[in-house]
Amino acid sequence: MIFLIVFGGLMLILGGFYLANSWQQYREWKGGTIIVVLSLAAVIYGVINLPAFNHNKQHSSEARSSQVTTTSGSAAFSNKANIGSGNGSASQENKEMVILRQLQKGYAKFGDVSFDSKTKTYKVTPTDDNTVNALKQLAQDPSQAEQMGWSKLTDSFKKNSKDIDKAIGTDYSISIMNPGDDSQAMYTAKNGKTTYDIANQ
């Protein structure tokens, strides 16, 4: 692609001179314009297909992976939130709030995130329409969990639980709340381990 960009750039420069010369001497612009347009198109095509551009596209598509898709009444769950380590000099309460903001950002398309300081639980309440409908179905019939891809979602929550444990200490939980009754959890992980899963009840 670099060769295409270099070649297109040279042709663009030469085409520009040709167009200017043709117009000044013969009042002819069609041939030069065609060369300039084709050269410009080659340069743009080459730039767009550079590895750096493809790398950015890949990152943007990964950022959109936190959505629930439904097909023929079943749902495929996928979500994750990146959790970094807290500042060692910050108070525990500040660290908890830092993790809360990171989870809110990570699960922005999935739902709302709150923190219950009494139980040390980060509660994720789904708000996405597809997710809400799928979880309501799952709450009524937990046997659908496997075909809905429930384990993919819970695995990401379990991983986040482990990350929280590393970032701010043990005894913190993260729960997926029932969208039909946000006082009940459908899944909870603590210290990187599942402590409750509606699919196993």
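Let's start with a pair of charged side chains: aspartate 163 forms a salt bridge with lysine 159, and their closest N and O atoms are 3.2 Å apart. Keep in mind that this is a predicted model. Both residues belong to helix H7, where they sit four residues apart, or about one turn of the helix. The two partners differ in their surroundings: aspartate 163 is buried, with a relative accessible area of 16%, while lysine 159 counts as exposed at 53% relative accessibility.

The count comes to two salt bridges. The other one links aspartate 116 with lysine 123, with 3.6 Å between the closest N and O atoms. Here aspartate 116 is partly exposed, at 21% relative accessibility, and lysine 123 is partly exposed too, at 25%.

Here are the two bridges side by side:

| Salt bridge | Closest N and O atoms |
|---|---|
| Aspartate 163 and lysine 159 | 3.2 Å |
| Aspartate 116 and lysine 123 | 3.6 Å |

Back to helix H7, which also has a helix partner. H7 (residues 150-168) packs with helix H4 (residues 92-106) at an angle of about 150 degrees, and their axes are 10 Å apart. Angles over 145 degrees count as roughly antiparallel, so that is how H4 and H7 run relative to each other. Which residues make the contact? On the H4 side they are Gln92, Lys95, Glu96, Ile99 and Leu103, and on the H7 side Ile164, Ala167 and Ile168. Sorted by class, this contact has five nonpolar residues, two charged ones and one polar one. As for handedness, H4 passes H7 in a right-handed crossing.

Definitions and conventions:
Residues numbered from 1 in each chain as written. Predicted model: local features only at pLDDT ≥ 70, side-chain atom pairs only at ≥ 80, totals over all residues. Heavy atoms only, no water. Axes fitted to C-alpha atoms, helices over the stretch in contact; angles between N-to-C directions. Helix = DSSP H or I, 4+ residues; strand = E, 2+ residues; numbered from the N terminus. Parallel < 35°, antiparallel > 145°, perpendicular 65-115°, else oblique. Left-handed = near helix turned anticlockwise from the far one by under 90°. Contact = heavy atoms within 4.5 Å. Nonpolar A, V, L, I, M, F, W, Y, C, P; charged D, E, K, R; others polar. Salt bridge = Lys/Arg side-chain N within 4 Å of Asp/Glu carboxyl O. Buried < 20%, exposed > 50% of the residue type's maximum accessible area, 1.4 Å probe, protein only.
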